[in-house]
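This report describes a single protein chain, with attention to its annotated positions, its pockets and its strand pairing.

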Amino acid sequence: MAKVYVFDHPLIQHKLTYIRDKNTGTKEFRELVDEVATLMAFEITRDMPLEEIEIETPVSSTKSKVLSGKKLGIVPILRAGIGMVDGILKLIPAAKVGHIGLYRDPETLKPVEYYVKLPSDVEERDFIVVDPMLATGGTAVEAINSLKKRGAKHIKFMCLIAAPEGVEVVKKAHPDVDIYIAALDEKLNDHGYIVPGLGDAGDRLFGTK
């Protein structure tokens with residue numbers, strides 16, 4: 001069954017407070033999301049495999065550890081997920097970036113895929129799907145479906161804020177996908193917004209209404 005990790009690191013919680021604040025402007029909001037994504041990437045990569053190599057320090061030869069070359073892919077869900085990519089790439093610059101675009105059908109209210117562009121070696125990569133919000137869970141489930149349909153086998157989902165309802169939907173649909181969250185909020189309201197949440201992440205990142 002999928003594991004859910006909620007990060008309680010003081011720096012993440014501190015920055016999240018200002019991300020939530022309605023008085024935080026677009027520039028600062030964008031910078032804070034970038035910073036929290038970096039901090040979360042530090043935790044989400046904790047289980048990356050290592051191998052030992054021999055090197056020469058200025059003093060002597062020694063054996064030391066390096067990443068074992070596991071290929072990583074970062075997949076933001078358009079458009080708000082884009083705001084988290086650079087923060088992750090600061091720590092993992094060799095990762096490749098794919099994109100998944102989804103829109104909500106106005107009649108069925110279900111997400112519909114309209115754009116997918118992924119690295120060519122999907123089956124060989126570990127993927128981190130990123131989106132600032134996990135609300136109803138429908139978009140996250142469909143994004144993970146898109147990756148699996150194209151051969152992805154190892155996927156993690158990472159978001160800033162999640163509603164309990166969305167977490168349960170993703171866990172049920174994809175019991176093999178672990179979920180990484182900066183904050184697990186109270187609930188969804190009648191309009192599908194996370195409470196207390198942070199409003200519309202895309203609008204706040206890009207200055208749109």
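In this report, two residues are in contact when they have heavy atoms within 4.5 Å of each other. The model is predicted.

## Annotated domain

UniProt, in an unreviewed entry, lists residues 6-208 as "domain: Phosphoribosyltransferase". Over residues 6-208 the chain is 31% helix and 32% strand. The C-alpha atoms at the two ends of that range are 29 Å apart.

## The largest pocket

The largest pocket holds about 700 Å³ of space. Its lining is made up of 26 residues, and those closest to the pocket centre are R104, D131, M133, T139 and D200. Two or more lining residues come from each of the strands β4 (72-78), β6 (99-104), β7 (111-117) and β9 (133-134), and likewise from the helices α4 (138-149) and α6. By class, the lining of the largest pocket comprises 14 nonpolar, eight polar and four charged residues.

## Binding-site annotation from R79 to D200

The unreviewed UniProt entry places a "binding site" feature at R79, R104, D131, P132, M133, L134, A135, T136, G137, G138, T139 and D200. From this set, the lining of the largest pocket takes in R79, R104, D131, M133, L134, A135, T136, G137, G138, T139 and D200.

Two of these annotated positions may be described in detail. R79 sits in the loop between β4 and α3 (85-89). With a relative accessible area of 36%, R79 is partly exposed. Not counting residues up to four places away in sequence, R79 touches D200, G202, D203, F206 and T208. One of these partners, D200, belongs to the annotated set as well. G137 is placed in the loop between β9 and α4. G137 has a relative accessible area of 3% and is therefore buried, the cut-off being under 20%. Its contacts, again not counting residues up to four places away in sequence, are G166, V169 and V170.

## Binding-site annotation from I194 to A201

A further "binding site" annotation in the unreviewed UniProt entry covers I194, G199, D200 and A201. The lining of the largest pocket takes in I194, G199, D200 and A201 from this set.

Is I194 buried or exposed? I194 has a relative accessible area of 7%, so it counts as buried. This residue lies in strand β13 (residues 194-195). Leaving aside neighbours within four places in sequence, I194 is in contact with M133, L134, A135, I161, A162, A163, D185, K187 and L188. G199 is located in the loop between β13 and α6 (201-206). G199 is partly exposed, at a relative accessible area of 35%. Apart from neighbours within four places in sequence, G199 is in contact with M133 and Y193. M133 is thus a contact of I194 and of G199, and M133 is also among the residues closest to the centre of the largest pocket.

## The second largest pocket

The volume of the second largest pocket is about 310 Å³. Seventeen residues line it, with D47, D126, H154, I155 and K156 nearest its centre. Strands β8 (126-130) and β10 (154-162) are the elements that give two or more residues to this lining. The lining of the second largest pocket divides into eight nonpolar, two polar and seven charged residues.

## Strand pairing

Strands β4 and β6 run parallel and are joined by two bridges. In this part of the chain, L78 stands opposite G101 in β6. Strands β6 and β7 run antiparallel, with six bridges between them. H99 stands opposite K117 in β7.

The hairpin of β6 and β7 has six residues between the strands. In this hairpin, L109 adopts a positive phi near 65°. Strands β4, β6 and β7 each contribute two or more residues to the lining of the largest pocket.

## A buried helix position

T38 belongs to helix α2 (residues 26-44). At a relative accessible area of 18%, T38 falls under the 20% cut-off and is therefore buried. T38 touches G87, I88, K90 and L91, not counting residues up to four places away in sequence.

Conventions
Residues numbered from 1 in each chain as written. Predicted model: local features only at pLDDT ≥ 70, side-chain atom pairs only at ≥ 80, totals over all residues. Heavy atoms only, no water. UniProt positions renumbered as here; feature names shortened; annotations may be inferred. 1 Å grid on protein atoms, 1.4 Å probe; cavity = no way out; pocket = protein on both sides within 12 Å on 5 of 7 lines; lining within 4 Å. Helix = DSSP H or I, 4+ residues; strand = E, 2+ residues; numbered from the N terminus. Buried < 20%, exposed > 50% of the residue type's maximum accessible area, 1.4 Å probe, protein only. Points joined across faces, edges and corners; volume = space filled by probe spheres on them. Nonpolar A, V, L, I, M, F, W, Y, C, P; charged D, E, K, R; others polar. Pairing = 2+ DSSP bridges.
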